[in-house]
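Trainee: Could you walk me through one part of this model closely? I would like to look at how the helices pack.

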Amino acid sequence: MYKDTDCGAPRSSDIGREITVAGWVHRRRDHGNLIFVDLRDRTGLLQVVFNPELAPDAHQLAEGMRSEWVIQARGNIRARLPGAANPNLATGEVELVVSDSQVLNRSLTPPFEVEDDTDADESTRMANRFIDIRRPEMLGRLQLRHRVTHLIWDHLTENGFTQVETPILIKSTPEGARDYVVPSRVRPGTFYALPQSPQQMKQMLMVSGVERYFQIARCFRDEDLRADRQPEHTQLDLEMSFVHQEDVMALVEGLYTRIVRESRPSARLETPFAKLSYDEAVERYGSDKPDTRYGLEMSTITDIAAQSDARVFQAVASSGGTIRAFAAPGCAEYTRRQTDQLIDVAKAAGAQGLVYIAIDKSAPSIDELDADHIRSPLKNYMSVEIVKEIAHAVEASPGDLVLIVAGTKTVANNALSALRTEMAERLEMIDDNEFKFAWVFDFPLFDWDDETATWTPAHHVFSSPKEEHIPLIESDPGSVYADLFDLTCNGVELGSGSIRIHDPDVQMKVFNVIGYPDHEIEERFGHLLKAFRYGAPPHGGMGLGLDRITAMLAGQSNIREVIAFPKTQSAWDPLFDAPSLIAEEQLGELHIELDLEE
């Protein structure tokens, strides 16, 4: 071994010990006679002292050392001189006096300093990820990810789960996003697909009698990216036989409670997790992944607002739309510039605009409002009585600003949800150290797609309808709810799960509603239906994003910050310059000809 002690290990109890360390030159300071090097490895920093009187050869070598050179140093640990201790460093009370040293490798000048507070842009960091990961903060995130994964293994093993690896090269059965496909050389003209998730394979494992399966699974989706999406991601995939929805939720709740408490002990965590039906979550928060760390709950005011003389409200109500609102406390004195900024937020989320009502703080109460207490662009089109009704509906008080969006249900909810987040940030209502988990359950089984005039699965085609709704699948698909459940935290969806369909007849009904012809059902899913006909047990499970929970624990909003070698938002890898062209010879072996525009 090139070292017998880690750089971050020595303490006062080691004074007098001879040790050998190795690592990177983090910083070098030449004081004329003495040369000090802060030596860094994955465990921390150690001050290393080169004294020409004690080790002239080592001192001469140190004169040429530069940042990020890799060196080895041997010597004795001693206490730092009085007043020279560094209380901000774990090894700050001691230093290594070098008796012998050697350079293991030299380094070019790095494109940015290996410091947590780097000013390097993300593209530079990603193109030089091997340097970026040396930063203690970045390395710490990967170590955090390891701890989370270790806790998952421990917890699920203790609960009787078996880890099973499933194939990466599978059949293409698109279930939402586009598949990444891989051409087969030995079967010309045919393709494998990379799995969007191990969904069908884990269900067949339940038919196989495994009963409790899990996997830290790699998943691939060819879709448009954003901060919390990558073309390849990692998820905790688990499945359980002979369970109801509550059993899966209880198991996962115990696991995530343990993960947070052991990975981030300072976090504020409330248990048991809140539970909201899908309809309740959307009604109160405008989203099926609500941030419940703060209030700002929404109300539907369609019937009230439609009684006003405001044509925009009347038109939306008469066309079957909705009018929704919430109250921002203490914001009645917002300026025109500030309300214009809120209008921009609403428009960016898809709304045509935003209506506000400012209720002056001088009003004795909502019931005692008069026209002088009200400021709104639609003031002349709403009576004081209607404003009172709206204020009561959203539980506004004098001094509050009521924000109103009219449109389709989707538009109103999306816009108000964005405004809710905006106002929570402005009012400093968000505690970044609080982890507010919530279960959202009882989702609709199907969504209606206006563009294609067809029913689509709300989550995926294998989710089980509620037993009492099975008779409605073919006659009234829009009324069918499912045993679907999402785990959310602080406004982020961490994972989705469901009780799965295990009856092949019910599965066929779902396929038929979605519009799959029989030959396509057999082509895509024949293997799964075959398995179901050989004694499939009731089963359910979840897919939970490992990247997302790790990013939250690390205090990062972008999952790229907890992935060793991520892609950019355009699915490009700047380190390997991928994707890239392949040789004509390889294309020939795969029987592929490219037809690309010049």
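Mentor: Happy to; here is a look at one pair of helices, followed by a short look at the strands. This is a predicted model, where local features need pLDDT of at least 70, side-chain atom pairs count only at pLDDT 80 or more, and totals for chains, interfaces and linings use all residues. Residues are numbered from 1 along each chain as its sequence is written, and side-chain values use heavy atoms, with hydrogens and water left out.

Helix α4 spans residues 136-158 and helix α6 residues 245-263; helices here are DSSP runs (H or I, at least four residues), and strands are E runs of at least two, numbered from the N terminus. The axes of α4 and α6 lie 10 Å apart, at an angle of about 140 degrees; axes are lines fitted to C-alpha atoms, for helices over the stretch in contact, and angles run from 0 to 180 degrees between N-to-C directions. That makes α4 oblique to α6, because angles under 35 degrees count as roughly parallel, over 145 as roughly antiparallel, 65 to 115 as roughly perpendicular and the rest as oblique.

On the α4 side, the contacting residues (heavy atoms within 4.5 Å) include L144, V148 and L151, and among those they meet in α6 are L251, L255 and I259.

Now the strands: seven bridges link β1 (residues 18-30) to β4 (residues 70-79), running antiparallel; strands pair if DSSP finds at least two bridges between them. Within this pairing, E18 has N76 in β4 as its bridge partner. Strand β4 is also joined to β5, antiparallel, by ten bridges, and R74 stands opposite D100 in β5.
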